Amino acid sequence: MKIHFSPELTVCGIDELTSHSARNVTHVLSIIDPDRPALTEFSGYGDHSRTTLRFHDIIAEQNGHILPTQQHLEEILAFGQSFLDSRDDETAAHILVHCHMGVSRSTAAMMTLMAQANPDETAQALFLKLVEIRPQAWPNSRMIAFADEQLGRKGELSEQLKRHYGRQLKAQPQFRDWMASLGRGAEVEMAVEA
């Protein structure tokens, strides 16, 4: 499997950001909760381009919370397109995407960026690559559905997400209770044995 997204790709949580400061990160997509103070973890990073989005890691309406929206996915795709438009194959690039824990919003965003950059690659290959990048990936299903629609994938990403969830539940059974406790039981129910 050869994914044609040539930069180095990293997904992490906020508590891991400082450990990546010496890794020549050139582009950062930061997804944080709306009420979180501005992050100071990037003070040790070199020059980089950064986009920050603020919404909660939820898949259904919750009082006082901001759902991921089509607009947020448009902004993720704009980040990706800006990178692709400015890409110089001779210059090293390193894209880092993070959210609070590096499990859901950030992995959905990374999947979106990989699918955008690799329109002819199968969803299965993209999800396998995502697990190489971040083994604990549990992409936010609402974000993946928007990516599917905006990238014209005709449901392929969402269909493969069900199989991804099935593989993750087999490999990491603790996800079942964890996701249920976070109000994400619908995603556990979506899981299909791979």
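Leaving aside its neighbours within four places in sequence, which residues is N140 in contact with? The views below come from a predicted model, and the first one takes up that question.

**View 1. N140, a buried residue in the loop between α3 and α4.** Start with the surroundings: leaving aside neighbours within four places in sequence, N140 is in contact with D57, I58, I59, P68, S104, A108, Y165, R184 and E187. N140 has a relative accessible area of 0%, and buried means under 20%, so this residue counts as buried. Now look at what its side chain does. On one side, the side chain of N140 reaches the backbone oxygen of I58 at 3.2 Å. A polar atom of that side chain also lies 3.0 Å from the backbone nitrogen of R142. The second pairing is a helix cap: a side-chain oxygen of N140 caps the N-terminal end of α4.

**View 2. Helix α4, residues 141-150, and what covers it.** Let's carry on into the helix that N140 caps. Which residues of α4 are buried? They are S141, M143, I144, F146, A147 and D148. A bit of background helps when you look along any helix: an α-helix has 3.6 residues a turn, so residues three or four places apart point the same way. The cover over the buried residues of α4 includes four other helices, namely α1 (70-86), α2 (105-117), α5 and α7 (185-190). Just after α4 you'll meet G152, which takes a positive phi of about 65°.

**View 3. Two loop residues with a positive phi, K154 and N24.** Most residues other than glycine have a negative phi, and most peptide bonds are trans. With that in mind, have a look at K154, whose phi is near 55°, a positive value in a residue other than glycine. K154 is found in the loop between α4 and α5. At 82% relative accessibility, K154 counts as exposed, because exposed means over 50%. Next comes N24, where phi is near 55°, again a positive value in a residue other than glycine. You'll find N24 in the loop between β1 (8-13) and β2 (27-32). N24 is exposed, with a relative accessible area of 63%.

**View 4. Helix α3 meeting helix α5.** Here α3 covers residues 123-133 and α5 covers residues 156-171. Their axes come within 9 Å and cross at roughly 45°, and α3 and α5 are therefore oblique to each other. The crossing of this pair, α3 and α5, is right-handed. Which residues make the meeting? From α3 come A123, Q124, F127, L128 and V131. From α5 come E156, L157, Q160, L161, H164 and R167. Sorted by class, the residues of the contact of α3 with α5 are six nonpolar, three polar and two charged.

**View 5. Helix α1 packing on helix α2.** At what angle do α1 and α2 pack? The angle is about 50°, and the axes of α1 and α2 are 10 Å apart. That makes α1 oblique to α2. As for handedness, α1 passes α2 in a right-handed crossing. On the α1 side, the contact is made by L73, I76, L77, F79, G80, Q81 and L84. On the α2 side, A109, T112, L113, Q116 and A117 take part. Count up the classes in the contact of α1 with α2 and you get eight nonpolar, four polar and no charged residues.

**View 6. M101, partly exposed in the loop between β4 and α2.** Strand β4 covers residues 94-99, and M101 is found in the loop between β4 and α2. Is M101 buried or partly exposed? With a relative accessible area of 46%, M101 is partly exposed. Leaving aside neighbours within four places in sequence, M101 is in contact with C12, G13, E16, R134 and W178. Compare that with P7: M101 and P7 are 94 residues apart in sequence and 22 Å apart in space, C-alpha to C-alpha.

**View 7. D120 in the loop between α2 and α3.** At 77% relative accessibility, D120 counts as exposed. Try tracing from D120 to T69: these two are 51 residues apart in sequence and 25 Å apart in space, C-alpha to C-alpha.

Notes
Residues numbered from 1 in each chain as written. Predicted model: local features only at pLDDT ≥ 70, side-chain atom pairs only at ≥ 80, totals over all residues. Heavy atoms only, no water. Axes fitted to C-alpha atoms, helices over the stretch in contact; angles between N-to-C directions. Helix = DSSP H or I, 4+ residues; strand = E, 2+ residues; numbered from the N terminus. Parallel < 35°, antiparallel > 145°, perpendicular 65-115°, else oblique. Left-handed = near helix turned anticlockwise from the far one by under 90°. Contact = heavy atoms within 4.5 Å. Nonpolar A, V, L, I, M, F, W, Y, C, P; charged D, E, K, R; others polar. Buried < 20%, exposed > 50% of the residue type's maximum accessible area, 1.4 Å probe, protein only. Polar contact = N/O pair within 3.5 Å; in protein donor to acceptor, adjacent residues only side chain to side chain.
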